[in-house]
Amino acid sequence: TQGPRYYTSTCKVQETCGSISVSCKPGFKPQPANAFGDSSEDCCVEVPCPPGTTGTSVASGCACPEGPGSGSIVPTTQGPRYYTSTCKVRETCGSISVSCKPGFKPQPADAFGDSSEDCCVEVPCPSGTTGTSVVSGCACPEGLNSGAISPSMEAPHYYTWTCKAVTCGSVHGMHGACNPGFAPKPAEALGKTLEQCCVEVPCPP
C-alpha cells in the first residue's frame, strides 16, 4: 500500500563471470566475461578433445590418434588450449623410404606406417592358381604341370611366372621307352616323366 512503487523487491542482479574472480580446474576454460555466473563452477567449462583425438573432453580424457609412440593429452590451467599434447603425427608410407621383400608390394602413399614392415603387404596368389599368397606358395593352374610362381621384388606383379604345360609328346625319347606291359599315352596328354606318360596295358579280351 506504500507508494510510489506499491511493491517491495528482493530480486538480486545476477553476477556475470567478468565481475568475479574465476579459477578454473585443469582442462577447464573460463566462460566469456558477460556469461552469467557467481562461482568458478558456473564460470568454467570443460575443454573438448582436440580434433583427430578420441574422447569427450580433456578433463575426462582424450586419446591420441593411433600410431607408434602416440603420446598423451594432459589437462592444464594454462590458456589458450588448457592442455598439453605429446601426440605424434603418424608417418605415412609415402613419407619414408620403403623396401619390400620378394612377394610383398608397397602400400599406397597415404597409408599409415613408419617402417617397411608396416608399409608392405603380401601379394595374393594370381587368379586361377591355388594358395593364399605368393610368399606362402601358389600352385600353377590345373593343366599347367611344369614351372612355378616365385616371389619377386619386381613391379607390377612382385612374382615371376614359369607355369606351362608339358605334354608327353614333348618328352625326349618318350616313344618306345615305356617298360614292358606299358603303352605310351597320347602325345597331347600332360606329363613330363615316363611314369606320367606310360599306362599299363589291360589284359586282352
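In this predicted model, A183 has a relative accessibility of 26% and therefore counts as partly exposed, since that class lies between the buried limit of under 20% and the exposed limit of over 50%. A183 sits in strand β13, which covers residues 182-184. When neighbours within four places in sequence are left aside, A183 is in contact with C178, C197, C198, V199 and V201. A helpful way to place this residue is to look back along the chain towards S21: the two are 162 residues apart in sequence, and their C-alpha atoms lie 107 Å apart in space.

The next stop is the segment before β1, where S23 is found. With a relative accessibility of 57%, S23 counts as exposed, because the cut-off for that class is over 50%. Although S23 and S39 are 16 residues apart along the chain, a distance of 8.9 Å separates their C-alpha atoms. Contacts of S23 beyond its neighbours within four places in sequence are made with S40 and C44.

The segment before β1 also holds E15, and the strand β1 itself spans residues 28-30. The relative accessible area of E15 is 37%, so this residue is partly exposed. Together with D38, E41 and D42, E15 forms a negative patch on the surface. E15 can belong to such a patch because its relative accessible area of 37% passes the requirement of over 30%.

Key:
Residues numbered from 1 in each chain as written. Predicted model: local features only at pLDDT ≥ 70, side-chain atom pairs only at ≥ 80, totals over all residues. Heavy atoms only, no water. Patch = residues over 30% accessible without salt bridge, like charges linked within 9 Å, V, L, I, M, F, W, Y side chains within 5 Å. Areas by Shrake-Rupley, 256 points an atom, 1.4 Å probe, with all protein chains shown as cover. Salt bridge = Lys/Arg side-chain N within 4 Å of Asp/Glu carboxyl O. Lys, Arg positive; Asp, Glu negative; His and termini not counted. Charge placed at Lys NZ, Arg CZ, Asp CG, Glu CD. Helix = DSSP H or I, 4+ residues; strand = E, 2+ residues; numbered from the N terminus. Buried < 20%, exposed > 50% of the residue type's maximum accessible area, 1.4 Å probe, protein only. Contact = heavy atoms within 4.5 Å.
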